[in-house]
Structures are given as C-alpha cells and as structure tokens.
Amino acid sequence: MSSKQRAKWRNPFWAMGNNPQPFSAVSVAKHSRTRDAVEVNGVCPYCAVGCAQKIFVKEGKIINIEGDERSPINEGTLCPKGANTFQLTMTPNRQRKALYRAPYSDRWETVSLDWAMERIAQRVVETREVDYREHDDEGNVLNHTTAMAHLGGATLDNEENYLIKKLFSNLGMISIENQARI
C-alpha cells in the first residue's frame with residue numbers, strides 16, 4: 001500500500017468519487033436547537049449557592065436552560081433541582097392564575113391578581129392589628145407583632161430575601177426566616 005493510500009484510510013472524511021464527504025444532505029442540515037438563540041446569563045433559582053445558568057431564548061420563548069461552564073461556582077454543572085429549571089419554567093401544568101379558597105369551602109375559585117393582592121393586604125393589616133404592641137409593660141419600645149411569621153423558600157435569592165426582611169421588619173414581624181432546601 002502506498003503512503004497516499006495509507007493517508008486516505010487514516011482520514012475519516014476521505015472522498016469517494018465525486019462525493020467530497022460521506023454525509024447525507026439530511027446530516028449536513030442538522031444543527032443544535034440552540035443555534036440562532038440569544039444566550040442570557042442567569043442564576044439558578046433554588047438554593048443560595050448561586051450556580052450560573054445559560055438561558056437560551058428564541059423568538060421570545062425560552063428553549064433551553066443549562067449550567068454555565070464559565071462559572072467558578074458550578075463550572076457548568078447543576079444539581080437535580082437546578083437541572084430541572086427549564087421544566088419548572090415551561091411546564092404546561094404551572095399555575096398561571098390566582099386561586100382563592102374561601103373559609104370552609106371545598107373548592108378553589110379563580111380570582112383576579114388585583115383582587116388577590118388586595119385581599120392579602122387586608123388580611124395582613126387585620127392580623128397585624130390583633131397582636132401589635134408598641135411598648136412592653138415597662139414602657140420599652142417593641143413595635144412588633146407575634147401573630148405573623150415569614151418562611152422563605154428555595155426560589156428566593158439574596159436580593160429578594162433582603163427586601164422581604166426590610167418589608168416585614170417594618171410591619172413589626174419578628175419571625176422572619178429562610179430555608180433554602182424546603
């Protein structure tokens with residue numbers, strides 16, 4: 001066998017006749033689904049580790065979310081919860097309307113977001129007023145209520161927790177916690 005023939009067999013893309021490469025037109029036309037998508041940097045919404053994510057958007061719709069290999073925190077890897085961020089975001093089962101179940105009712109009813117926000121505000125004010133104390137028995141300033149508490153969960157980032165702490169502290173709430181792995 002000549003050296004020219006040996007070189008031909010070492011190259012996996014050697015030409016046969018007039019065909020320059022052994023690929024079909026279908027194979028050549030295939031490409032990544034993220035091709036032509038806009039890549040947006042993001043942070044995993046779960047725990048406080050702050051793993052970086054790459055979010056791919058095409059035609060205004062999220063088409064993929066994956067770990068960002070440029071991050072020194074996660075180096076492109078994601079835990080099982082972080083790896084499911086796309087499914088969390090895009091599932092057709094995700095609740096997209098406000099629901100309300102009246103006291104003693106056995107069913108939920110759809111309500112407007114404005115109504116739900118107003119109702120929550122009313123209930124917070126009512127509950128706060130039931131137990132709010134400005135001073136203790138010795139005259140020390142308290143400005144607190146023990147009738148309400150807040151427990152944050154895994155999808156709250158540090159900035160949201162900071163704002164929640166500020167808001168609820170100003171309402172007099174003294175039990176404000178966050179558990180990232182609920």
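## Starting point

A residue is called buried when its relative accessible area is under 20%, exposed when that value is over 50%, and partly exposed in between. Asp-68, at 5% relative accessibility, therefore counts as buried. The model described here is a predicted one, and the terms just introduced return in several of the sections below.

## The protein as a whole

The protein contains six helices and eight strands. Read from the N terminus, these elements follow one another in the order α-α-β-β-β-α-α-β-β-α-β-β-α-β, which places two helices ahead of a run of three strands.

Of the 182 residues in the protein, buried ones make up 21%, while the area that the protein exposes comes to about 14,000 Å², with 54% of it supplied by carbon and sulfur atoms. When contacts between residues at least 6 apart in sequence are considered, 36% of them join residues that are at least 24 apart.

## A sheet of three strands

Strands E1, E2 and E3 form an open sheet, in the order E1-E2-E3 and with antiparallel pairing. The edges of this sheet are E1 and E3, each of which pairs on one side only, and neighbouring strands are turned against each other by 30 degrees on average when direction is ignored. In general, the strands of a sheet pair through backbone hydrogen bonds, and they may do so in either a parallel or an antiparallel manner.

Between E2 and E3, which run antiparallel, there are six bridges. Along this pairing, Lys-54 stands opposite Glu-66, a residue of E3.

## Gln-53 in strand E2

Strand E2 covers residues 52-58, and Gln-53 has its place within it. Is Gln-53 buried or exposed? With a relative accessible area of 2%, Gln-53 is buried, because this value is under the 20% limit. The side chain of Gln-53 reaches the backbone oxygen of Gly-82, at 3.3 Å.

## Salt bridges

Seven salt bridges are found in the structure, and the ones described here include two that involve Arg-70. As a general point, side chains of opposite charge can pair when their charged atoms come close.

Glu-39 and Arg-70 form a salt bridge in which the closest N and O atoms are 3.5 Å apart. Glu-39 belongs to strand E1 (residues 38-43), whereas Arg-70 lies in the loop between strand E3 (61-67) and helix H3 (80-83), so this pair ties together parts that are 31 residues apart in sequence. Glu-39 is partly exposed, with a relative accessible area of 37%, and Arg-70, at 51% relative accessibility, counts as exposed. The side chain of Arg-70 also meets that of Asp-68 in a salt bridge, at 2.7 Å from N to O, and Asp-68 is the buried residue introduced at the start.

## A further pair and a network

Another salt bridge is formed by Arg-133 and Asp-137, whose closest N and O atoms are 3.9 Å apart. Arg-133 counts as partly exposed at 35% relative accessibility, and Asp-137 is exposed, with a relative accessible area of 73%.

Which residues are joined into one network by salt bridges that share partners? They are Glu-39, Asp-68 and Arg-70. Within this network, Glu-39 is partly exposed, Asp-68 is buried and Arg-70 is exposed.

Definitions and conventions
Residues numbered from 1 in each chain as written. Predicted model: local features only at pLDDT ≥ 70, side-chain atom pairs only at ≥ 80, totals over all residues. Heavy atoms only, no water. Helix = DSSP H or I, 4+ residues; strand = E, 2+ residues; numbered from the N terminus. Buried < 20%, exposed > 50% of the residue type's maximum accessible area, 1.4 Å probe, protein only. Polar contact = N/O pair within 3.5 Å; in protein donor to acceptor, adjacent residues only side chain to side chain. Salt bridge = Lys/Arg side-chain N within 4 Å of Asp/Glu carboxyl O. Pairing = 2+ DSSP bridges. Axes fitted to C-alpha atoms, helices over the stretch in contact; angles between N-to-C directions. Contact = heavy atoms within 4.5 Å. Areas by Shrake-Rupley, 256 points an atom, 1.4 Å probe, with all protein chains shown as cover.
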